[in-house]
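Student: I am new to this structure. Please take one part of it and give me a close look, with the terms explained as you go.

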Amino acid sequence: MGLSMNATTVDCYDALAAPNPAPPRRGVPAPIYVVCSPSRQVGKTMLARLLTEHYLADARPVAGFDIADEGPGLADFLSHHVTIPNIQDMRGQVRFFDGLIESGDVTKIIDLSHREFANFFTIVDKIGLFDEARRRSIEPLILFLIDPNPVSAKAYEILRRRFNGTSMLPVRNLTVARGLPYGASFPHASTLVASLELSVLGPAARAIVEREKFSFLDLSNQASPQSNIPARTRAELDAWFRRARFQFREIELSLIREQILTSLS
Amino acid sequence: MAKPALILVGADKGGVGKTTVSRTLLDYFASRKIPTRAFDTECPKGTLKRFHPDITDVVDVTSVPDQVKIFDTVESSDAQVTLIDIRAGLMSSTLTALRDIGFIEMTKRSQLTFAVFHILGPSIASLDEIAETSKLLIDARYFLVKNFINNTSFFDWNEKTYSSYFNKIPHAVEVVVPKLNEMAYEQVELSSGSFSAFIADKKESGEPAGYSFVLRGYVRHWLSNVFSEFDRVRVPDLVDAKEAALRARSALKVAELSQSSANS
C-alpha cells in the first residue's frame with residue numbers, strides 16, 4: 001500500500017484552486033458576450049440582436065442564446081441562429097455551459113433575462129465558468145445595460161466584486177439612461193479601452209425594429225420585407241446599425257490588444 | 001511538529017455516507033500533503049478502496065490479525081494519519097474492542113491523536129447511538145457529522161431533544177457536509193476516482209477524462225465548502241502536536257457553538 005502521493009495525485013489537488021494550466025493563445029478571439037441587466041425593458045434583447053447581426057454581417061460564426069422567460073426574445077428575431085437553453089435543471093446546465101466553452105471559434109451571445117439574472121450568475125460563479133473560459137482562450141465579456149434603478153447599480157457592484165478580473169462594460173442605452181453618469185455607480189470594470197452607447201431611435205424607426213423578423217441585414221436587400229420602409233427611416237436605421245457596429249469593432253480591437261499584451265507578458 | 005492520528009469514520013446505521021465522508025477526509029489530507037493510509041472494513045469487496053486504491057487496504061476489523069495490522073502500526077507507520085472507514089453496524093463493537101485492548105487508554109499517555117467522525121442518520125435512533133458511543137470517547141476528538149450530501153433531512157428531529165443530547169456531550173464538535181447535486185455526485189461515483197481527480201478531469205492513469213466542466217465545477221465548489229468546514233473545526237490540529245497540547249483549552253464545544261449561533 002503506497003503512502004506517498006504520486007505526481008498525478010498532487011496535480012489533482014492543485015486543481016482545486018486552478019483546474020488546468022492555460023493553453024497557448026490562438027489568433028482572433030471568439031468571445032462570450034453576456035448581455036444583461038437586473039431590470040426589464042432596458043434594451044438587452046436589442047443589443048443582443050445588434051451584436052448577433054454584426055457577426056452575421058461579416059459572415060463570421062456566431063451562436064445566440066436566449067435565456068429569456070418572456071417574449072419577444074432574441075430567438076423571436078433570429079430564430080435560425082439562436083437556441084433557447086434551459087438552465088433550470090442540471091442536464092440543461094451541462095448541455096449549455098459545457099457547450100459554451102467547447103469551441104473557441106464561434107462567438108457566443110447570451111441574451112439574459114432579468115428574471116434569470118441572479119440564477120445565471122450564481123451558477124457561473126459556482127462552476128467557475130469565466131476562469132475556465134479564459135483558460136481556453138475564450139474571453140468572457142459582460143455587457144451590462146445601466147439604468148437609474150438603484151437595484152441596477154447594486155447588481156453592477158456585486159458582479160464587479162464577484163467577477164473581479166472579468167471584463168464588464170456598462171452599456172448606456174440613451175432611451176432609458178440618458179444623462180445617467182457611469183461614474184461612481186457604474187465604474188468601468190474592464191481593462192478594455194472601449195465603451196458602448198445606444199443612441200435614441202425615432203418613433204417610426206423604433207416601431208420597425210420591434211417588428212418580429214425584422215433584420216438589420218435585410219435593410220439593403222430590395223427583395224426583403226423591409227423594402228417598403230420609407231427612405232428616411234431606412235437611412236436612420238442603417239446609420240444606427242453602423243454606429244453600433246463601429247463600437248463593436250472597437251471592443252473587438254480592444255480584445256485583440258488585450259490578447260497581444262497578455263501573450264507578451 | 002507532527003504526531004500520528006487514528007481516525008475512525010463510522011455510524012451504526014448504513015447508508016448515511018460514511019464512505020463519502022472518508023473520501024472527503026482523504027482528499028483533504030492529500031490536499032495538505034499529509035501522508036495518509038486508509039483501511040476499508042467493507043470486507044471482502046471494499047468500497048473506499050475503489051476510490052482511493054493507492055492508499056487503501058481492505059481489512060476485517062473483527063479479526064485479531066487485521067486489528068494487529070492496523071492498531072499496532074499507527075505510531076510506526078510512515079503515514080501521519082490512519083483512517084478507518086468502519087462498516088455499518090461495527091462502530092460500537094470496534095470502539096468497545098479498542099477500549100478492551102487498552103488502545104483508548106494508551107492514547108491518553110502517548111503522542112497520538114484518536115478521533116472519531118460519527119456520521120449521523122436522520123432518525124432519533126442516531127441520537128441514542130451518540131449517547132452510547134460518546135461514553136467511550138471522553139478523551140478522543142469527537143466529531144458529529146451531519147451529512148446532507150444525500151439530501152438527508154435533519155429537521156425530522158425534535159430540536160429540543162437534539163439539543164439535550166448535544167449538551168450531554170460537551171466535547172463533541174458538529175461538522176456539516178453540504179448537499180451535492182445528485183447528478184454531479186453520480187458522475188463522481190461512476191468515475192471510480194477521488195473527488196479531486198474528478199475535479200481535475202483526470203483518470204487514474206493521469207490522462208484527461210473528459211468529464212463535464214459544469215459537473216466538475218459543482219464538485220469543486222462543494223468540496224471547497226467541505227474543506228472550509230474541516231478547517232473550521234481544526235482537523236489539521238489532529239496531526240499537530242503543539243496544537244494538540246492546547247486542544248483541551250481551545251476546542252470548540254457544541255454547547256458554545258449553539259450558544260453563539262443562537263446569539264447571532
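Tutor: What follows is a walk through the sheet of chain B, its surroundings, and then some related spots in chain A.

First, the ground rules. This is a predicted model, where local features need pLDDT of at least 70, side-chain atom pairs count only at pLDDT 80 or more, and totals for chains, interfaces and linings use all residues. Residues are numbered from 1 along each chain as its sequence is written, while chains are lettered from A and ligands numbered from 1 in the order in which they are written.

Start with chain B as a whole. Its secondary structure comes to twelve helices and seven strands. Helices (H or I, at least four residues) and strands (E, at least two) are DSSP runs, numbered from the N terminus. Of the 264 residues in chain B, 43% are buried. Buried has a cut-off: 20 or more other C-beta atoms lie within 10 Å of the residue's own, while 12 or fewer makes it exposed and anything in between partly exposed, with C-beta atoms placed from the backbone. Now take the contacts in chain B between residues at least 6 apart in sequence: 76% of them join residues at least 24 apart. A contact here means that two C-beta atoms, placed from the backbone, lie within 7 Å.

Now the sheet. In chain B, seven strands form an open sheet, and the pairing is parallel. The order is β3-β2-β4-β1-β5-β6-β7. Two strands pair if DSSP finds at least two bridges between them. At the edges stand β3 (56–58) and β7 (172–177) of chain B, each with a single partner strand, so one side of each has no neighbour in the sheet. From one strand to the next, the twist averages 20°.

Look closely at β2(B). Five of its five residues are buried, so the strand is mostly covered by the burial cut-off. Both of its faces are covered. On one side sit B:T36, B:A38 and B:D40. On the other sit B:R37 and B:F39. β2(B) pairs in the parallel sense with β4(B) over five bridges. There, B:A38 has B:L83 as its bridge partner in β4(B). β2(B) also pairs in the parallel sense with β3(B), over three bridges. In that pair, B:F39 stands opposite B:D57.

Move along to β4(B). Strand β1 (residues 5–10) of chain B is joined to strand β4 (residues 81–85) of chain B by five bridges, and the two run parallel. B:V9 stands opposite B:D85 in β4(B).

A helix lies across these strands. Helix α1 (residues 18–31) of chain B spans β1, β2 (36–40), β4, β5 (113–120), β6 (141–147) and β7 of chain B. It runs at about 165° to β4(B). Such angles run from 0 to 180 degrees between N-to-C directions, and axes are lines fitted to C-alpha atoms, for helices over the stretch in contact.

Next, a loop that follows β2(B). B:P44 is found in the loop between β2 and α2 (48–51) of chain B. The peptide bond from B:C43 to B:P44 is cis, with omega near 5°.

Chain B also has a helix pair to inspect. Helix α8 (residues 182–191) and helix α10 (residues 213–232) of chain B pack at an angle of about 100°, with their axes 9 Å apart. That makes α8(B) roughly perpendicular to α10(B), a label for angles of 65 to 115 degrees; under 35 counts as roughly parallel, over 145 as roughly antiparallel, and the rest as oblique. B:M183, B:A184, B:Q187 and B:V188 in α8(B) meet B:L215, B:Y218 and B:V219 in α10(B). The residues of this contact divide into six nonpolar, one polar and no charged. Nonpolar covers Ala, Val, Leu, Ile, Met, Phe, Trp, Tyr, Cys and Pro; charged covers Asp, Glu, Lys and Arg; the others, Gly among them, are polar.

After α10(B) comes another loop residue. B:R234 is found in the loop between α10 and α11 (241–250) of chain B. Its phi is positive, about 60°, although it is not a glycine. B:R234 is partly exposed, with 16 other C-beta atoms within 10 Å.

Finally, chain A. Seven strands of chain A form an open sheet in the order β3-β2-β4-β1-β5-β6-β7, with parallel pairing. Its edge strands are β3 (82–83) and β7 (196–198), each pairing on one side only.
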